[in-house]
Amino acid sequence: MSRILKILIISGHGQGDPGATYHGLEEQNITRELANILAKCFGNANAIITIYDQSKNAYKQLQAGNIINFKNYDYVIELHTNANSNDRARGCGFYLHVTEEG
């Protein structure tokens, strides 16, 4: 039997920081919607999915000293989106949160 993976999903921005905006869309809302969809995609996978408190901004929380213990997770996925007035913003990016173990 394979081990159970622990996955943390963080939605970018929030707590007064909308992130990228365009035509009334805000990154904070899009990332929250995406996080919820992504969590459902794991379905019956052998994993425990945790969505970071979506009323908070993880970056602001870290700066305030509220440290997230990434060692509690096998994978941490932090979501961000793009907005651009010329509709040409494309691609994807990711943050790699490295623990002491690498």
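**Salt bridges, sheet and buried residues in a predicted model**

Aspartate 74 counts as partly exposed, since its relative accessibility is 32%, a value that falls between the 20% limit for buried residues and the 50% limit for exposed ones. The structure described here is a predicted model, and aspartate 74 is a good place to enter it. The side chain of aspartate 74 meets that of arginine 3 in a salt bridge, with an N to O distance of 3.0 Å. This pair links distant parts of the chain, 71 residues apart: arginine 3 belongs to the segment before β1, whereas aspartate 74 sits in the loop between α2 (58-63) and β5. Arginine 3 has a relative accessible area of 55% and is therefore exposed.

How many salt bridges does a search of the whole structure find? The search finds two. Besides the pair just described, aspartate 53 forms a salt bridge with lysine 56, and here the closest N and O atoms are 3.9 Å apart. Both residues of this pair can be placed on the accessibility scale: aspartate 53 is partly exposed at 35%, and lysine 56 is partly exposed at 32%.

With these links in place, the overall layout can be followed. The chain contains two helices and five strands, arranged along the sequence in the pattern β-β-β-α-β-α-β. Of its 102 residues, 24% are buried. Among contacts with a separation of 6 or more, 70% are between residues 24 or more positions apart.

Three of the strands form an open sheet with the order β4-β1-β5, and their pairing is parallel. Strands β4 (47-51) and β5 (75-79) occupy the edges; each has a single partner strand, so one side of each has no neighbour in the sheet. On average, and with direction ignored, neighbouring strands of the sheet are turned by 20 degrees against each other. Strand β1 (residues 5-11) runs parallel to β5 and is joined to it by five bridges. To find one such partnership in the structure, look at isoleucine 10, whose bridge partner in β5 is glutamate 78. Across β1, β4 and β5 lies helix α1 (residues 27-41), which runs at about 160 degrees to β1.

Which residues make up the largest nonpolar core? This core has seven: Leu8, Ile10, Tyr52, Ala58, Ile68, Phe70 and Val76. Apart from it lies another core of five residues, including Ile7, Ala35, Ala39 and Leu79. Within the seven-residue core, isoleucine 68 offers a helpful view of the surroundings. When neighbours within four places in sequence are left aside, isoleucine 68 is in contact with Leu8, Ile10, Tyr52, Ala58 and Leu62.

Helix α1 also carries two polar residues that repay a closer look. The first to consider is threonine 31, which lies in this helix. Is threonine 31 buried or exposed? Its relative accessibility is 0%, so threonine 31 counts as buried. The side chain of threonine 31 is joined to that of arginine 32 by a polar contact of 3.4 Å. Setting aside neighbours within four places in sequence, threonine 31 is in contact with Ser11, Gly12, Leu79, His80 and Thr81.

Glutamate 27 is likewise placed in helix α1. Why does glutamate 27 count as buried? Its relative accessible area is 4%, and the term buried applies to values under 20%. The side chain of glutamate 27 makes a polar contact of 3.0 Å with the side chain of histidine 80. Not counting residues up to four places away in sequence, glutamate 27 touches His13, Pro18, Gly19, Ala20, His80 and Thr81. From C-alpha to C-alpha, glutamate 27 and glycine 14 are 8.6 Å apart in space, with their positions 13 residues apart in sequence.

One of the residues touched by glutamate 27, His13, leads to the loop between β1 and β2 (21-22), where histidine 13 lies. The backbone of histidine 13 has a positive phi of about 70 degrees, although this residue is not a glycine. Glutamine 15 is found in the loop between β1 and β2 as well. The phi of glutamine 15 is near 55 degrees, again a positive value in a residue other than glycine. With a relative accessible area of 37%, glutamine 15 is partly exposed.

Definitions and conventions. Residues numbered from 1 in each chain as written. Predicted model: local features only at pLDDT ≥ 70, side-chain atom pairs only at ≥ 80, totals over all residues. Heavy atoms only, no water. Core = buried A, V, L, I, M, F, W, Y, C linked by side-chain atoms within 4.5 Å. Buried < 20%, exposed > 50% of the residue type's maximum accessible area, 1.4 Å probe, protein only. Contact = heavy atoms within 4.5 Å. Pairing = 2+ DSSP bridges. Helix = DSSP H or I, 4+ residues; strand = E, 2+ residues; numbered from the N terminus. Axes fitted to C-alpha atoms, helices over the stretch in contact; angles between N-to-C directions. Polar contact = N/O pair within 3.5 Å; in protein donor to acceptor, adjacent residues only side chain to side chain. Salt bridge = Lys/Arg side-chain N within 4 Å of Asp/Glu carboxyl O.
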